[in-house]
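Here are some short exercises to work through with the model open in your viewer. Try each task before you read its solution.

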Amino acid sequence: MAPSLDRQGYWGQPTSTLDWCEENYVVSFYMAEFWNTVSNLIMILPPIYGAIQTFRDGLEFRYVCSFLGLAAVGVGSWCFHMTLLYEMQLLDELPMIYSTCVFVYCLYECFKQENSLSLFPIALLFIFSVTVTVVYLQWKEPVFHQVMYGALVACLVLRSIFIVTWVYPWLKPLCYTSLGIFMLGFLLWNIDNIFCDSIRATRRTLPSGVGVVTQFHAWWHIFTGLGSYLHILLSLQIRSTYLKYRPKVKFICGVWPALHIDPQKTS
């Protein structure tokens with residue numbers, strides 16, 4: 001991660017353990033990393049719509065929690081990149097763990113009876129979340145958080161591939177689209193971290209309207225936000241298909257995918 005530039009803004013000197021490649025307080029006096037902040041809208045607005053639609057369709061509350069969990073990550077990330085304060089960094093990073101635990105529960109419990117509650121995986125994921133939280137609060141090492149988050153994502157990937165390979169192969173396009181978009185974001189996240197000095201040097205030579213394209217951490221938000229949203233749709237489609245509902249993917253304004261569930265079950 002690149003060190004913070006000397007330019008000061010509304011929130012003062014950064015106290016976070018991470019400072020990303022976007023130059024601080026260049027676009028706005030009130031946002032430390034403007035593009036890394038506003039790019040979180042993709043993780044806030046669509047999931048809120050998804051939560052409302054899922055609630056209206058009368059689906060299980062765990063899926064409402066999935067959408068709201070993703071929105072919470074977006075809000076936390078917004079606050080973190082806007083301020084670069086340590087407290088806001090935790091508001092970003094810890095909900096990543098908590099929301100992904102909800103994703104894991106939904107995907108691994110998708111072939112159970114409707115409205116059933118499995119206490120063992122809930123307890124296991126709760127203990128995992130508490131342990132990660134306690135350790136991370138004491139040992140402020142971002143790599144620890146990244147490894148724990150990566151382990152949860154790996155669980156999702158393995159389970160998703162198993163389901164679309166052996167149970168519902170017709171869901172492969174949605175599964176691999178979600179995975180591919182997420183991995184593209186992960187690739188850009190790594191490029192932004194590893195080649196930050198070169199990216200900043202190149203950005204200074206470009207017009208401002210073109211240089212914004214090189215804000216790869218903002219692209220990480222966009223692609224992982226979309227990939228995570230599509231994963232929730234995949235999880236919902238698997239669950240509603242198993243329960244013999246009639247899931248239909250519709251596109252809001254002809255662009256954004258959303259899942260609508262026919263309340264009548266198939267015979």
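His 217 is buried, with a relative accessible area of 3%; buried means under 20% relative accessible area, exposed over 50%, and partly exposed in between, with a 1.4 Å probe and protein chains only. Keep in mind that this is a predicted model, in which local features need pLDDT of at least 70 and side-chain atom pairs count only at pLDDT 80 or more, while totals for chains, interfaces and linings use all residues. Residues are numbered from 1 along each chain as its sequence is written, and side-chain values use heavy atoms, with hydrogens and water left out.

**Exercise 1. The histidine site**

Task: Place His 217 in its helix and list what it touches, leaving out residues up to four places away in sequence.

Solution. Step one: His 217 is in helix H10, residues 216–242. Helices (H or I, at least four residues) and strands (E, at least two) are DSSP runs, numbered from the N terminus. Step two: beyond those sequence neighbours, His 217 touches Trp 20, Asn 36, His 81, Trp 189 and Asp 192, where contact means heavy atoms within 4.5 Å.

Task: Which residues does the UniProt annotation "binding site" cover, and how far apart are their C-alpha atoms at most?

Solution. Step one: according to the unreviewed UniProt entry, the "binding site" annotation covers His 81, His 217 and His 221. Step two: these residues span 141 residues in sequence, yet no two of their C-alpha atoms are more than 11.3 Å apart, so they gather at one spot. Step three: the lining of the largest pocket includes His 81, His 217 and His 221. On a 1 Å grid over the protein atoms alone, a pocket is an open set of points where a 1.4 Å probe fits, with protein on both sides within 12 Å along at least five of seven lines, and lining residues have an atom within 4 Å of a point. UniProt positions are given in the numbering used here, feature names are shortened, and annotations may be inferred rather than shown by experiment.

Task: Is His 221 buried or exposed, and which side chain does it join in a polar contact of 2.9 Å?

Solution. Step one: His 221 is in helix H10 and is buried, at 3% relative accessible area. Step two: setting aside residues up to four places away in sequence, His 221 touches Asn 36, Ser 39, Asn 40, Ile 42, Met 43, Ser 77 and His 81. Step three: the side chain of Ser 39 is the partner in the 2.9 Å polar contact with His 221. A polar contact is a pair of N or O atoms within 3.5 Å; within protein, one must be able to donate a hydrogen and the other to accept it, and residues adjacent in sequence count only if both atoms are side-chain atoms.

**Exercise 2. Cysteines**

Task: How many disulfides are there, and which cysteines form a disulfide?

Solution. Step one: take a disulfide as a pair of cysteine sulfur atoms within 2.5 Å; the count is then one. Step two: the partners are Cys 21 and Cys 196, with sulfur atoms 2.2 Å apart. Step three: the link is right-handed, with 100° about the S-S bond. It connects distant parts of the chain, 175 residues apart: Cys 21 is in the segment before helix H1 (34–38), and Cys 196 is in helix H8 (residues 196–204). Step four: Cys 21 is buried at 2% relative accessible area, and Cys 196 is buried at 4%.

Task: What is the nearest cysteine sulfur to that of Cys 101?

Solution. The nearest is that of Cys 155, 9.3 Å away, and Cys 101 is in no disulfide. Cys 101 is buried at 6% relative accessibility. Cys 155 is in no disulfide either, and at 32% it counts as partly exposed.

**Exercise 3. Positive phi**

Task: Compare the settings of Tyr 25 and Lys 244.

Solution. Step one: most residues other than glycine have a negative phi. Step two: phi of Tyr 25 is a positive value near 55°, and phi of Lys 244 is a positive value near 65°. Step three: Tyr 25 is in the segment before H1 and is buried at 5%, whereas Lys 244 is in the loop between H10 and strand S1 (246–252) and is partly exposed at 45%.
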